[in-house]
Amino acid sequence: MEAERLVGVSRRALAQSRGTPDIIAEAWQAQALAQAIGSRLAADGPKALRAEARGLSEIGGRSGGALDHPAARAGVARAAQLSELAEPRSTLTGLGALLGEVGMALVGVACETDEQSLYWQCMEAIDAADESMDRVHGMLRRLDEQDRERQQDLERGRERDGPYGAARGPAGSTAAGRGRP
């Protein structure tokens, strides 16, 4: 399944979660998805994103054990369906939103529980989601910087070529334009 679509599925599943077990399961799923997207971008993504993507993958891998959930123990991750990452920017934007929503849901669980172990699991998972979100935002900033640099290069090229393009004149009056080699 395409990454952006998987992120959407995860966001809907989190929104439909009812109760602590469902929220814990979806938080675990989100971290597994962050790990998978990070791994995919580290291997095949734009070069400017690869270091941050490796970091995202590592965070997702470390935090997967932070939440004690049967799906985590069984290794049944929705992220295993990841087959394609077509558009890094929109995937990262959606993943950032998912991680923020996971963090907020986990805050709710942590505030409602009297169980110390669950509280600390939530705190660790919140930290992991926050750190993952920082990596995602870093990659989005890098994409923005690349876009600005490309735009500046285009503008410099237009200035250098003049108002009539590379021919440097209205009728192409360069030596090549007059039939000379």
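This is a short chat about helix packing, the nonpolar core and an aromatic pair in a predicted model.

Q: Let's start with α1 and α5. What angle do they pack at, and how far apart are the axes?
A: The angle is about 20°, and the axes of α1 and α5 sit 9 Å apart.

Q: Roughly parallel or roughly antiparallel, then?
A: Roughly parallel, because angles under 35 degrees count that way.

Q: And which hand is the crossing of α1 and α5?
A: It's a left-handed crossing.

Q: Which residues of α1 make the contact?
A: On α1 you've got Ala3, Glu4, Val7, Ser10, Arg11 and Leu14. The α5 side includes Leu95, Leu98 and Val102.

Q: Stick with Leu98 for a sec. What is it in contact with, leaving aside neighbours within four places in sequence?
A: Leu98 is in contact with Val7, Ser10, Arg11, Leu14, Ala30 and Leu33.

Q: OK, core stuff. Which residues touch the most other members of the largest nonpolar core?
A: That core has 40 residues, and the ones touching the most other members are Ile37, Leu92, Leu95, Leu98, Val102 and Leu106.

Q: Which elements give two or more residues to this core?
A: Those are α1 (3–15), α2 (20–44), α3 (50–63), α5 (88–112) and α6 (116–161). The largest share is from α2, with eleven residues.

Q: Switching topic: how many aromatic pairs are there?
A: One. Tyr119 and Trp120 pair edge-to-face, 4.9 Å centre to centre with 85° between the planes.

Q: How accessible is Tyr119?
A: Tyr119 has a relative accessible area of 28%, so it counts as partly exposed. Trp120 is partly exposed too, at 48% relative accessibility.

How values were computed: Residues numbered from 1 in each chain as written. Predicted model: local features only at pLDDT ≥ 70, side-chain atom pairs only at ≥ 80, totals over all residues. Heavy atoms only, no water. Phe/Tyr/Trp six-rings, centres within 6.5 Å; stacked < 30°, edge-to-face > 60°. Buried < 20%, exposed > 50% of the residue type's maximum accessible area, 1.4 Å probe, protein only. Core = buried A, V, L, I, M, F, W, Y, C linked by side-chain atoms within 4.5 Å. Helix = DSSP H or I, 4+ residues; strand = E, 2+ residues; numbered from the N terminus. Contact = heavy atoms within 4.5 Å. Axes fitted to C-alpha atoms, helices over the stretch in contact; angles between N-to-C directions. Parallel < 35°, antiparallel > 145°, perpendicular 65-115°, else oblique. Left-handed = near helix turned anticlockwise from the far one by under 90°.
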